[in-house]
Amino acid sequence: LESSVLAQPWASVCFGESAFVAKACFRDTGYILLVSDLSSVWYESAGAEAVGQRSKELNKRLTVPVSSFLHHLRNLMRPFLAGQPDTTTTFSCHHTAGSLNLHVKSELSGLPFYWDFHCCPAPVEMVSHHLVRPLIRMSLALQYKVQELTSLLLRKDAEIEDYRESGAALSRDRLRTERFQEETFQHNFMTEVRSHAT
């Protein structure tokens with residue numbers, strides 16, 4: 001489960017009126033759910049025994065195997081994380097200082113189905129493993145790509161200038177572009193990054 005959820009992408013989700021990013025992995029033996037509001041990270045890891053006990057408490061009228069509960073949870077969460085939630089399912093959350101409880105209300109076999117994810121603060125190593133390291137790696141990769149594209153644009157400008165000096169002219173004036181200004185681009189890019197961060 002731990003390695004499987006690491007491979008899952010983070011998804012933007014809303015629990016009630018609150019915006020989060022989340023990722024999850026469900027198997028017949030249990031699940032792991034990670035949720036973050038980009039200030040804190042919470043998680044829950046539950047095995048089959050814990051799922052069976054909680055299902056008895058929340059869904060007394062439902063008598064199905066634990067694997068069926070897990071399968072149903074996976075079928076509810078998969079479209080939700082993909083941005084295509086089932087209209088018959090509602091998600092809400094209750095946030096306290098030390099925990100984040102997510103409430104799910106749906107149906108299973110024609111009967112009401114309820115589930116609570118009891119998420120606690122994720123340990124530092126988990127936050128680093130699932131959020132910090134991937135973000136740093138992605139940031140470094142994007143910086144490399146920006147440098148690569150900047151270099152390409154500067155070479156393209158030099159190539160176009162060479163064509164102009166050789167007497168070449170555009171057949172369609174609407175295709176004309178301004179010379180790429182690297183300093184202006186970098187300034188505007190960092191300004192945009194800072195505005196999104198706040």
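# Reading strands and a surface patch

Guide: Strand E2 and strand E3 (residues 30-36) pair antiparallel over 7 bridges. This is a predicted model, where local features need pLDDT of at least 70, side-chain atom pairs count only at pLDDT 80 or more, and totals for chains, interfaces and linings use all residues. Numbering starts from 1 along each chain as its sequence is written, and side-chain values use heavy atoms, with hydrogens and water left out.

Visitor: Okay, when do two strands pair?

Guide: When DSSP finds at least two bridges between them. Strands (E, at least two residues) and helices (H or I, at least four) are DSSP runs, numbered from the N terminus. Here, Lys23 has Leu34 in E3 as its bridge partner, and a hairpin through 2 residues joins E2 to E3.

Visitor: Which way do E1 and E2 run?

Guide: Antiparallel, with 5 bridges joining strand E1 (residues 11-15) to E2. Ala11 sits opposite Ala22 in E2. This pair is a hairpin too, with 2 residues in between, and Gly16 in the turn has a positive phi of about 70°.

Visitor: How many residues of E2 are buried?

Guide: Buried means under 20% relative accessible area, exposed over 50%, partly exposed in between (1.4 Å probe, protein chains only). In strand E2 (residues 18-27), 7 of the 10 residues are buried.

Visitor: Why does Met190 count as partly exposed?

Guide: Because its relative accessibility is 36%. Met190 belongs to helix H5 (residues 182-197).
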